[in-house]
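Here are my notes on this one, written as numbered points. Have the model open while you read.

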Amino acid sequence: MKETAKEVLAREFLTVPPEMTIAEAVQVFRQAAQVTGHPVFGLMVTDAEGRLVGMLSMYDIFLLLRPKHIHIWGEMSDLDLTGIIDAACHRAKAMLVGDIMTTDLITITPDTHLLHVVDIMIKKHVRRIPVIEDGVLQGIVYISQVFYHLLNKLTERSED
């Protein structure tokens, strides 16, 4: 049997619209963890027609909160960081998902071979890949699901 993305595809997922605030999106991250039963660190962003337009990940949020020009100011240890997280979080709450989401996306189809998925994840440093078929969002493949699927293969007893 061919090993494809459809074998590890998560079909239960939540999405966020680009018009949603970051504060609202954070609530969806929490809700998604309850739906999937595991922590969720990235959400697909869809437009009103359900088309994939971006991804919002924990790194997008980290980049929003981290001072943009830290490399000019020096090292983090050189700065007085008192209150900086509270101030950054306060400003970020009202920002929109569409302002910080990643739009340069890598997608796969349900028939993409798992080794191709692994190769993409390694080379592109991605932990989740949306799955699209005929322009329709089918789900998402998480690196953890691929890993555990392959772990199961590694521990199966062969029927010699």
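1. Let's start with Y59: its relative accessible area is 42%, which makes it partly exposed. Throughout, buried means under 20% relative accessible area, exposed means over 50%, and partly exposed is what lies in between (1.4 Å probe, protein chains only).

2. Some housekeeping before going on. This is a predicted model, so to speak of local features takes pLDDT of at least 70 and side-chain atom pairs count only at pLDDT 80 or more, whereas totals for chains, interfaces and linings use all residues. Numbering starts from 1 along each chain as its sequence is written, and side-chain values use heavy atoms, with hydrogens and water left out.

3. Back to the rings. The count of aromatic pairs comes to 2, where rings of Phe, Tyr and Trp (its six-membered ring) pair if their centres lie within 6.5 Å; planes under 30 degrees apart are stacked, over 60 edge-to-face, and the rest tilted. Y59 and F62 make an edge-to-face pair, at 6.2 Å centre to centre with 90 degrees between the planes. They sit 3 residues apart in helix α2 (residues 58-65), so about one helical turn separates them. Helices here are DSSP runs of H or I with at least four residues, strands are runs of E with at least two, and both are numbered from the N terminus.

4. F147 and Y148 form an edge-to-face pair too, with centres 5.5 Å apart and planes at 75 degrees. F147 is partly exposed, at 47% relative accessible area.

5. Now the sheet. What is the strand order in it? This open sheet of 3 strands runs β1-β2-β3, with mixed pairing; two strands pair if DSSP finds at least two bridges between them. β1 (15-16) and β3 (52-57) are the edge strands with a single partner each, so each has one side without a neighbour in the sheet.

6. Which way do the pairs run? β2 (residues 42-46) and β3 are antiparallel, joined by 5 bridges, while β1 and β2 are parallel, with 2 bridges between them. M44 is a useful landmark: it is the bridge partner of T15, and on the β3 side M44 is partnered with M55. T46 pairs with L52 in β3. Helix α1 (residues 22-36) packs on the sheet and touches β1, β2 and β3, its direction making about 120 degrees with that of β2; contact means heavy atoms within 4.5 Å, and axes are lines fitted to C-alpha atoms, for helices over the stretch in contact, with angles from 0 to 180 degrees between N-to-C directions.

7. The connection between the parallel strands is worth tracing: β1, α1 and β2 make a right-handed β-α-β unit. Right-handed means that, with the strands pointing away from the viewer, the path from the first strand over the helix to the second runs clockwise.

8. Is β2 enclosed or open? 5 of its 5 residues are buried, so β2 is largely enclosed by the rest of the structure. G42, M44 and T46 point one way from the strand, L43 and V45 the other, and all are buried.

9. Look also at the β2-β3 hairpin: there are 5 residues between the strands, and G50 takes a positive phi near 85 degrees. E49 forms a salt bridge with R51, with 2.9 Å between the closest N and O atoms; the rule is a side-chain nitrogen of Lys or Arg within 4 Å of a carboxyl oxygen of Asp or Glu. E49 is exposed at 56%, whereas R51 is partly exposed at 46%. Salt bridges with shared partners join D47, E49 and R51 into one network.

10. The whole structure has 5 salt bridges. One of them is K153 with E3, the closest N and O atoms being 3.0 Å apart. K153 lies in helix α7 (residues 143-155) and E3 in the segment before β1, so the pair ties together parts 150 residues apart in sequence. K153 is partly exposed at 37% relative accessibility, but E3 is buried at 19%.

11. D111 and K6 also meet in a salt bridge, 2.7 Å from N to O. That pair links distant parts of the chain, with D111 in the loop between α5 (97-100) and α6 (114-124) and K6 in the segment before β1, 105 residues apart. D111 is partly exposed at 38%, and K6 is partly exposed at 43%.
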